[in-house]
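Trainee: Before we discuss any details, could we have the sequence and the structure in front of us, and then work through the questions one at a time?

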Amino acid sequence: MQYDIHDPARTDDVVIIGGGLAGLFCALKLAPRPVTLISAAPLGHGASSAWAQGGIAAAVAEGDTPETHAADTVAVGGGLVDAAVALGIAREAAPRIHDLLALGVPFDRDLDGRLAVGREAAHSARRIVHVRGDGAGAAIIAALSEAVRRTPSIRLMEGFVAEALLTEDGAVTGLQLREAGNPAARPLVLASRAVVLATGGLGHLYAVTTNPSEASGSGLAIAVRAGAVIADPEFVQFHPTAIMVGRDPAPLATEALRGEGATLINGNGERFMSARHPLAELAPRDIVARGVFAEIAAGRGAFLDARQALGARFATRFPTVHASCIAAGIDPAAQPIPIAPAAHYHMGGIAVDARGRSSIDGLWAAGEVSSTGAHGANRLASNSLLEAVVYAARIADDIVGRTVPPPARLPDSLVRSRAGTPDAAEVKRLRATMSAHVGVIRDDGGLAQAMRHFARLEREAGRGVLGNMAISALLVAAAAWTRRESRGAHYRSDHPAENPALAQRTMTTLAAAREVAESLDEHPRPRLAQSMIA
């Protein structure tokens, strides 16, 4: 059923923003309850979920257990994983996998018909379920998109973005929308007391990223502008093996390649990870990313070598990666693949509880835009799609089990936003600043420089697309400047060790981030810096 854009006063019980895994799965779980699903791009396009190559982590193989899966998650998370959250997600993995199977997701099976499982970095067992080797994300999104389109209780609004959350007395009252790609279009308003944000991450704030352009932190920005508490924004995971062939976003060489024995070498043909970690190529992602970064910074270059591990089997085992390489003139069966770290996944996001509820009444969040406590300072490979389906299902259960007040009346005036296409040069500069100063390796001076730039840009850009990008960038930079230690994916060259006193999650607001930026010229280290980590 299509939404009538000429009837902006029409309301629904539940509005879901985002056409990725979390949004689609939540909408299906809510059926037959009426839902309006808003997606910036046509379903199946523009969602980071569709690009996921690794698969979904789930303890479904003989001898594996949810408890072991949770322990691996905690071990990787830099001391910040909520152990109860990790265990709860691991225990719900098998039921959610069966939900996806029922929706038509063709997970790979072995010769006996059981789910085939692979191993990825920092997992102690083979527990990653795949689709055709490296096509899990695309296959899952395709199956769920088809299911959504044939579900009569789900009303689709494709080609619209949410540019503001409307609130009153600390509760959601609706959304202000605008036609995607047309910032000069007249805004639309939906009144709703139940809103689910599933807008994805912020990887495209970086110049080198594996994320689509839609992943620019818009959901995070509109939530924090409305007063939502944000958790752990400094923790951005950089995938160590993005394929460097001049594409934006960069194609991804899935971690499963290293799970199958592919190695990392420099331009001299030397393996370099063995000297950095006992697990070598299968070390946690932050360690591998820094190893790759160091080889590139030293001028030796970095490459993924699958010639011996896969050779002629590459094309059939990993067709997506193979196609990306061939399109760039690289034969991965016979040549090493040039790689570099790229912004891949945001562990931070809107702080939510075990039911997916944010600090704003009537606002839930799921998927990468949220922060549940499951990932801590460093996400375990293939846990993100699992977290998305688990929390999407929990949110649906929570909404079904509560009485949602009638939608509020439409507001008399719209939230003012600056119309017009964002300045391409400013967007490019913001992304370059994030990669240079808020990237794999950070330090005080670079973070301070970045914050000043983002704060100025936010003031000048207002509430448009560029202003929202600046808000999200500022949140990451301010929390990274405040956390004067190295932990998980957050690495400070001027504070390279963990500080046990800072082994706690960051909880912050837009006001706090702005205050940190404003104080830079007044004091070398404001007192607020301590209070952001709590």
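**Helix packing, loops and backbone geometry**

Mentor: Let us begin at one end of a helix, bearing in mind that this is a predicted model: aspartate 82 caps the N-terminal end of helix 3, with a side-chain oxygen 3.1 Å from the backbone nitrogen of alanine 84.

Trainee: Which residues of helix 3 are buried, and what covers them?

Mentor: The buried residues of helix 3 are Val85, Ala86, Gly88, Ile89 and Ala90. In an α-helix there are 3.6 residues a turn, so residues three or four places apart point the same way. What covers the buried residues of helix 3 includes helix 2, helix 4 (93-102) and helix 11.

Trainee: How is helix 2 oriented relative to helix 3, and which term describes the pair?

Mentor: Helix 2 (residues 66-76) and helix 3 (residues 83-91) pack with their axes 8 Å apart and at an angle of about 140 degrees. Because an angle has to be over 145 degrees to count as roughly antiparallel, that value makes helix 2, with respect to helix 3, oblique.

Trainee: What is the handedness of that crossing, and how do the residues of the contact divide by class?

Mentor: Helix 2 passes helix 3 in a right-handed crossing. On the side of helix 2 the contact is made by Pro66, Glu67, His69, Ala70, Thr73 and Val74, and on the side of helix 3 by Ala83, Ala86, Leu87, Ala90 and Arg91. By class, the residues of the contact of helix 2 with helix 3 divide into two charged, two polar and seven nonpolar.

Trainee: How do the residues in the contact of helix 1 with helix 5 divide by class?

Mentor: Helix 1 (residues 21-30) and helix 5 (residues 136-149) pack at an angle of about 35 degrees, with their axes 10 Å apart, and their crossing is left-handed. Helix 1 contributes Leu21, Leu24, Phe25 and Leu28, while helix 5 contributes Ile140, Ile141, Leu144, Ser145, Ala147 and Val148. The residues of the contact of helix 1 with helix 5 therefore divide, with Leu, Phe, Ile, Ala and Val counted as nonpolar, into no charged, one polar and nine nonpolar.

Trainee: Which term describes the relative direction of helix 12 and helix 13?

Mentor: The axes of helix 12 (residues 424-437) and helix 13 (residues 444-461) come within 9 Å and cross at roughly 155 degrees. Since angles over 145 degrees count in this class, helix 12 and helix 13 are roughly antiparallel.

Trainee: What is the handedness of that crossing, and what classes of residue make up the contact?

Mentor: Helix 12 passes helix 13 in a left-handed crossing. The contact includes Glu426, Arg429 and Leu430 of helix 12, and Gln449, Ala450 and His453 are among the residues of helix 13 that take part. By class, the contact of helix 12 with helix 13 has three charged, five polar and six nonpolar residues.

Trainee: Which residues does a cis peptide bond join in the loop between strand 12 and helix 7?

Mentor: Most peptide bonds are trans, so a cis bond deserves a careful look. One cis peptide bond joins alanine 31 and proline 32, with omega about 10 degrees, but proline 32 is placed in the loop between helix 1 and strand 2 (35-39). The loop between strand 12 and helix 7 holds proline 249, and there the cis bond, with omega about 0 degrees, joins proline 249 and aspartate 248.

Trainee: Is threonine 254 buried or exposed, and which backbone nitrogen does its side chain reach?

Mentor: Threonine 254 is found in the loop between strand 12 (236-243) and helix 7 (256-259). Its relative accessible area is 2%, so threonine 254 is buried. The side chain of threonine 254 reaches, at 3.1 Å, the backbone nitrogen of alanine 256.

Trainee: What is the phi of aspartate 232, and is this residue buried or exposed?

Mentor: Aspartate 232 is found in the loop between strand 11 (230-231) and strand 12, and its phi, near 55 degrees, is a positive value in a residue other than glycine. With 2% relative accessibility, aspartate 232 counts as buried.

Trainee: Is serine 324 buried or exposed, and with which residues is it in contact beyond its neighbours within four places in sequence?

Mentor: Serine 324 is found in helix 10 (residues 319-327). Its relative accessibility is 13%, so serine 324 counts as buried. Leaving aside neighbours within four places in sequence, serine 324 is in contact with Ile243, Arg247 and Pro251.

Methods: Residues are numbered from 1 along each chain as its sequence is written. This is a predicted model: local features need pLDDT of at least 70, side-chain atom pairs count only at pLDDT 80 or more; totals for chains, interfaces and linings use all residues. Side-chain values use heavy atoms; hydrogens and water are left out. Axes are lines fitted to C-alpha atoms, for helices over the stretch in contact, and angles run from 0 to 180 degrees between N-to-C directions. Helices (H or I, at least four residues) and strands (E, at least two) are DSSP runs, numbered from the N terminus. Angles under 35 degrees count as roughly parallel, over 145 as roughly antiparallel, 65 to 115 as roughly perpendicular and the rest as oblique. A crossing is left-handed if the near helix is turned anticlockwise from the far one by less than a right angle, and right-handed if clockwise. Contact means heavy atoms within 4.5 Å. Buried means under 20% relative accessible area, exposed over 50%, partly exposed in between (1.4 Å probe, protein chains only). A polar contact is a pair of N or O atoms within 3.5 Å; within protein, one must be able to donate a hydrogen and the other to accept it, and residues adjacent in sequence count only if both atoms are side-chain atoms.
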